[in-house]
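Before reading a structural description, it helps to ask what each word in it rests on. The questions below set computed values against the definitions behind the words.

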Amino acid sequence: MEVWIMKTKTRKVTVTLPLALYEELETLAAKGGHNGEPHNHNDVGSFFYINGEDFLLTDLGCGEYTREYFSEKRYEHLCCRSLGHNVPLIDGREQLAGEEYGCGRFDAPGPDSTLISFAGAYANPELKSLTRRLDWDEAEGTLRVEDRFQVTEQLRSIRENLVTCWKPE
């Protein structure tokens, strides 16, 4: 397994981990950075899980490029909002837009693992930390997604949002 870490000049981080080669390539791509990037979506901590040509876990992609899409109404488009990505909704709230809303840590602690700390993407004073761990088990052919929350007060709700084109069984 190889790990590629790509950084831009402003230290925004994107990591792509090719996880295993079977008859088809299985890939995990995860996003750190912040929510103030050009063509931004509020998607810090989101990820794709791809098996060959099948996007098993994905996002909604980009919307139609209109004047409204590049205006203050950008986040009225579902594809730009957290709801269109594989990130949790906390107390019914999505991530917010802006450079100040981002990832505190993005790391590959092992050859089959990615760790993202992204409580900073949410404007929730009760949320002390949110750490997502993505672990690939090549022998089992499984991806484990674990979100850990530390809070100062009890949250009212946590809704995990996973976007897929496949109908759950």
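**Cysteines, burial and strands**

In this predicted model, a search of the whole structure finds zero disulfides.

Q: How do you know that Cys-79 is in no disulfide?
A: The nearest cysteine sulfur, which belongs to Cys-80, is 4.2 Å away, whereas a disulfide requires two cysteine sulfur atoms within 2.5 Å, so Cys-79 does not meet the definition.

Q: Why is Cys-79 called buried?
A: Its relative accessible area is 10%, and because buried means under 20%, the word applies to Cys-79.

Q: Is Cys-165 buried or exposed, and what makes it so?
A: Cys-165 has a relative accessible area of 70%, and since exposed means over 50%, Cys-165 is called exposed.

Q: What makes β11 and β12 a pair of strands?
A: Pairing asks for at least two bridges between two strands, and 10 bridges join β11, residues 127-137, to β12, with the two running antiparallel; in one of these contacts between strands, Ser-129 has Gln-150 of β12 as its bridge partner.

Q: Which strands are the edge strands, in the open sheet with the order β9-β10-β11-β12?
A: The sheet has four strands with antiparallel pairing, and β9 (105-110) and β12 (142-151) are called edge strands because each pairs on one side only.

Q: What is the mean pLDDT of the chain, and which stretch falls below 50?
A: The mean is 85, and 85% of the residues reach 70 or more, but over residues 1-23 the pLDDT is below 50. Where pLDDT is low, the predicted coordinates should not be read in detail.

Notes. Residues numbered from 1 in each chain as written. Predicted model: local features only at pLDDT ≥ 70, side-chain atom pairs only at ≥ 80, totals over all residues. Heavy atoms only, no water. pLDDT = per-residue confidence, 0-100. Contact = heavy atoms within 4.5 Å. Buried < 20%, exposed > 50% of the residue type's maximum accessible area, 1.4 Å probe, protein only.
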